Amino acid sequence: MKCVISHMAAYLWLVRHTNQRAGDAHPSRASLSDAGAPTAEQTNRLRWFLDLEDTPLEVLVTDPRHRRHSHILRSHLCSGDLPSGSLIPIASGIEQIDLYCVCPELCFIQLCRNRDEVESAFFGMALCSDYRLDAISPSGVVHREHNDSRLTDIESLRRYIRSASREHGAKAAASILSHICEGSRSPKESGIALFYGLPQRLGGMALGEVHMNPALKVFEGRDTYGNDRFATRYPDVMFTSKPARGTRRAVAFDYDSQAEHTETWKVLADSRRRNTLAAVENLVHYSIRMEDAQDYRYLVSLGDQARKILGRRPWPQIPGFPHHADARMKAGELEHRRFELWSRLLQGGGPDRPLI
């Protein structure tokens, strides 16, 4: 029997494992033909084998007669043709089952079907990130490197969405792409980028164009021969603007997790890294610790400072007279929305575990 893991179960499996397509120039041509739902016994074995015991196993089926629902299994009917490369073969641990996982691009469309823009954007950034969730790591994440690589990128998502435009959720997924940035190295980085970058209608502070871990050339002094020495630094999140009159401005945020930076030499390295970034022209750099991320008012104050540095209009932006009753009510609604966004993305959850 063919079993195809999908939706949230597929997302969790993808972000917890190495990229199965890394270095593979020939995507799988497997189709959904004969895809069915496992029995209760098989479902329990698969959840244990795939390390998905914290969520129901979700699968795609092509025949409505094969649909099964329980507290450990959810089946989704998919009778249409999928673009080539939509399925990724993975080990099943059960001889009678040929196991597949939907590709990250199809998974993103599935997640956008019944979730709001904030959740969809967060999941999209995770699929385009340079990190992998790892329960053994003190911070809960490890960087994708060596033989691993990011699961997908924005351009791959865009191409797949165009080819699967008839899929339910494709239209919503296409609209979410403008909120996604690739290259995040932790869930908290994604949370900071969304909190400061999303438009105010979603609760964000709308600081402008965002860049995740951009490479910056920094001056480190001179060698013994008087030659300039330079190094490359990568701030976690950077916002840029170029006013109509004036030079390009930038504000960078680094997230320092206590779980990742408890050793003395790492703390020292972080301090020296911040000092080198301070020398970058037209760049203001902020460091956010775990305690800072859990302090709503402090994060808002940093955002207000960044807004002024970037030359942007004060938040919130409400047309009409600022002291009019309707304007004050609208401002209160936006403030409540911003607080809710912070609660979902950054409050609590551990060093690198946002609530979403």
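Helices here are DSSP runs of H or I at least four residues long, strands are runs of E of at least two, and both are numbered from the N terminus. With that in hand, we can take a walk through this predicted model.

Let's start with a loop. A206 sits between α7 (187–197) and β8 (209–212). What is the sign of phi at A206? The value is positive, near 50°, and A206 is not a glycine. That's worth a second look, since most residues other than glycine have a negative phi. A206 counts as partly exposed because its relative accessibility is 32%, between the 20% and 50% cut-offs.

H7 does something of the kind too: phi is positive, about 55°, and again the residue is not a glycine. This time the setting is a helix, as H7 belongs to α1 (residues 7–16). Is H7 buried or exposed? With 9% relative accessibility, H7 counts as buried.

Next, a helix pair. Two packed helices are described by the angle between their axes and the distance between the axes. For α4 (residues 117–127) and α11 (residues 325–345), the angle is about 35° and the axes are 11 Å apart. The crossing of α4 past α11 is right-handed. Which residues make the contact? On the α4 side they are V118, E119 and F122, and α11 brings L341, R344 and L345. Sorted by type, the contact has four nonpolar residues, two charged ones and no polar ones.

Staying with α4, F123 is also found in this helix. F123 counts as buried because its relative accessibility, 5%, falls under the 20% cut-off. Leaving aside residues up to four places away in sequence, F123 touches M8, Y11, L111, R115 and I356. As for G197, it is 74 residues from F123 along the chain, and the two C-alpha atoms are separated by 16 Å.

Now for the rings. How many aromatic pairs does a search of the whole structure find? The count is eleven. Here are two of them, side by side:

| Pair | Geometry | Centre to centre | Angle between planes |
|---|---|---|---|
| F239 and F253 | edge-to-face | 6.2 Å | 80° |
| Y296 and W342 | tilted | 5.4 Å | 50° |

The F239 and F253 pair links distant parts of the chain: F239 is in strand β11 (residues 237–241) and F253 in strand β12 (residues 249–256), 14 residues apart. Why does F239 count as buried? Its relative accessibility is 0%, so F239 counts as buried. F253 comes in at 1%, which means that F253 counts as buried as well. These two rings also have company, as F195, Y196, F239, F253 and Y286 form one aromatic cluster.

The Y296 and W342 pair links distant parts of the chain too, with Y296 in helix α10 (residues 296–309), W342 in helix α11, and their positions 46 residues apart. So α11 turns up again, this time through an aromatic pair rather than the α4 contact. Y296 is buried, with a relative accessible area of 6%. W342 is buried as well, with a relative accessible area of 4%.

One more ring deserves a mention. What lies over the face of F230? That would be K217, at 4.5 Å from the ring centre.

Key. Residues numbered from 1 in each chain as written. Predicted model: local features only at pLDDT ≥ 70, side-chain atom pairs only at ≥ 80, totals over all residues. Heavy atoms only, no water. Axes fitted to C-alpha atoms, helices over the stretch in contact; angles between N-to-C directions. Left-handed = near helix turned anticlockwise from the far one by under 90°. Contact = heavy atoms within 4.5 Å. Nonpolar A, V, L, I, M, F, W, Y, C, P; charged D, E, K, R; others polar. Buried < 20%, exposed > 50% of the residue type's maximum accessible area, 1.4 Å probe, protein only. Phe/Tyr/Trp six-rings, centres within 6.5 Å; stacked < 30°, edge-to-face > 60°. Lys NZ or Arg CZ within 6 Å of the ring centre and 35° of its normal.
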